[in-house]
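Visitor: I would like a close look at a single part of this protein. Please show it to me before we start.

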Amino acid sequence: MTQKDEVDELYDVKTSYYIGNYQQCINESQKVKLSDPVKKIERDTFLYRAYVAQKKYRVVMDEIKPLAVTHEGLRAIRTFTDYMMHPNQRDTIINNLPLEDSLEPTYLIMRATLHLQQRDPESALRYVQGVDHIECAAVAVQTLLAMDRVDLARKELKRMQEIDEDCVLTQLAQAWTSLASIGDKYQDAYYIYQELADKHSPTPLLLNGMAAAYGMQGKWEEADGVLHEALDKDPNNPETLVNLAVVSQHLGRPAEVGNRYMSQLRDQQTVHPVIEQIDNKLNEFQRISAQYRPSVEST
């Protein structure tokens with residue numbers, strides 16, 4: 001029986017997580033009845049990852065005890081949670097990562113995700129590229145796209161399609177790859193996001209994907225509409241705030257409109273990469289400006 005043909009008892013749990021419906025993932029995880037201990041651990045990995053996505057880090061740290069848990073995937077989730085909880089200690093956490101030779105999928109995914117957070121896609125790729133697991137392949141697609149290697153991302157996407165072309169992750173990976181392609185693929189990406197939203201739920205993740213597809217086609221009014229729908233669902237979603245600031249510029253709205261979204265982003269996500277880029281540019285500007293300040297000679 002192939003991976004595609006197997007009946008997955010965790011289908012609703014996984015699908016909810018993949019489309020960004022994290023509370024539904026938690027709800028489904030707590031409802032599903034499982035007898036297989038392996039499936040129970042897999043359920044727990046998605047449950048805790050959903051809590052991390054909601055920034056409920058304390059739940060994860062309290063329940064995954066470092067000395068009591070032996071599962072590599074659960075330990076990797078705890079390490080990632082610790083990393084997200086302590087922005088000022090992230091380099092130290094990375095440097096002190098335990099050396100574990102594991103092929104457990106959640107372990108590989110969390111290690112790769114951690115390195116992606118560090119803006120180190122090369123290290124991330126070493127954990128997931130070529131692994132015969134559909135979510136590992138999806139993370140590999142994301143990583144390769146972050147490296148501007150659309151050609152290699154397409155190869156990973158083809159592997160995913162061979163594993164399970166109907167999987168939500170495969171469809172999302174196709175949408176990501178279409179958005180990164182030059183040509184007439186942007187509308188294809190929009191249709192994928194729209195179909196997933198219609199079939200499951202229009203989550204902020206899917207709505208932001210639709211907005212990105214609209215933006216790539218220059219349809220800024222339409223992008224603005226779906227982003228405000230996403231904002232209604234989660235006013236603190238960082239990607240929604242960033243995309244609204246971008247769309248506001250393209251629509252020619254006053255600068256203070258975009259600045260308000262950035263101020264909200266600073267309140268909700270102080271270490272967002274966009275904020276880091278803005279702050280780095282400002283610091284560089286101030287450094288260069290200081291070198292050209294006019295000096296007043298005393299008489």
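Is Cys 25 buried or exposed, and what is its relative accessible area? From there, please take me through the cysteines, and then through helix 9 and the core.

Guide: This is a predicted model, in which local features need pLDDT of at least 70 and side-chain atom pairs count only at pLDDT 80 or more, while totals for chains, interfaces and linings use all residues. Residues are numbered from 1 along each chain as its sequence is written, and side-chain values use heavy atoms, with hydrogens and water left out.

Cys 25 is buried, with a relative accessible area of 0%. Buried means under 20% relative accessible area, exposed means over 50%, and partly exposed lies in between (1.4 Å probe, protein chains only). Cys 25 is in no disulfide. A disulfide is a pair of cysteine sulfur atoms within 2.5 Å. For Cys 25, the nearest cysteine sulfur belongs to Cys 167, 14 Å away. Cys 167 is in no disulfide either. Its nearest cysteine sulfur is that of Cys 136, 13 Å away. Cys 167 counts as buried, at 14% relative accessibility. The disulfide count comes to zero.

Cys 136 leads to helix 9, where it is one of the buried residues. Helices are DSSP runs (H or I, at least four residues) and are numbered from the N terminus; strands are runs of E, at least two. Helix 9 covers residues 134–146, 13 in number. From first C-alpha to last it reaches 19 Å, close to the expected 18 Å. The expected span is 1.5 Å times one less than the number of residues. Eleven of the 13 residues are buried, so helix 9 is largely enclosed by the rest of the structure. Among them are Ile 134, Glu 135, Thr 143 and Leu 145. The buried residues of helix 9 pack against helices 1, 3, 7, 8, 10 and 11. Just after helix 9, Asp 148 takes a positive phi of about 60°.

Next, the core. A nonpolar core is a set of buried Ala, Val, Leu, Ile, Met, Phe, Trp, Tyr and Cys residues joined through side-chain atoms within 4.5 Å. The largest one has 86 residues, and Met 160, Leu 172, Trp 176 and Tyr 193 touch the most other members. Helix 9 gives the largest share of this core, nine residues. Contact means heavy atoms within 4.5 Å. Leaving aside neighbours within four places in sequence, the contacts of Tyr 193 include Leu 172, Trp 176, Leu 206 and Met 210.

Last, helix 1, where Thr 15 is found. Thr 15 counts as buried, at 6% relative accessibility. Leaving aside neighbours within four places in sequence, Thr 15 is in contact with Val 168 and His 200.
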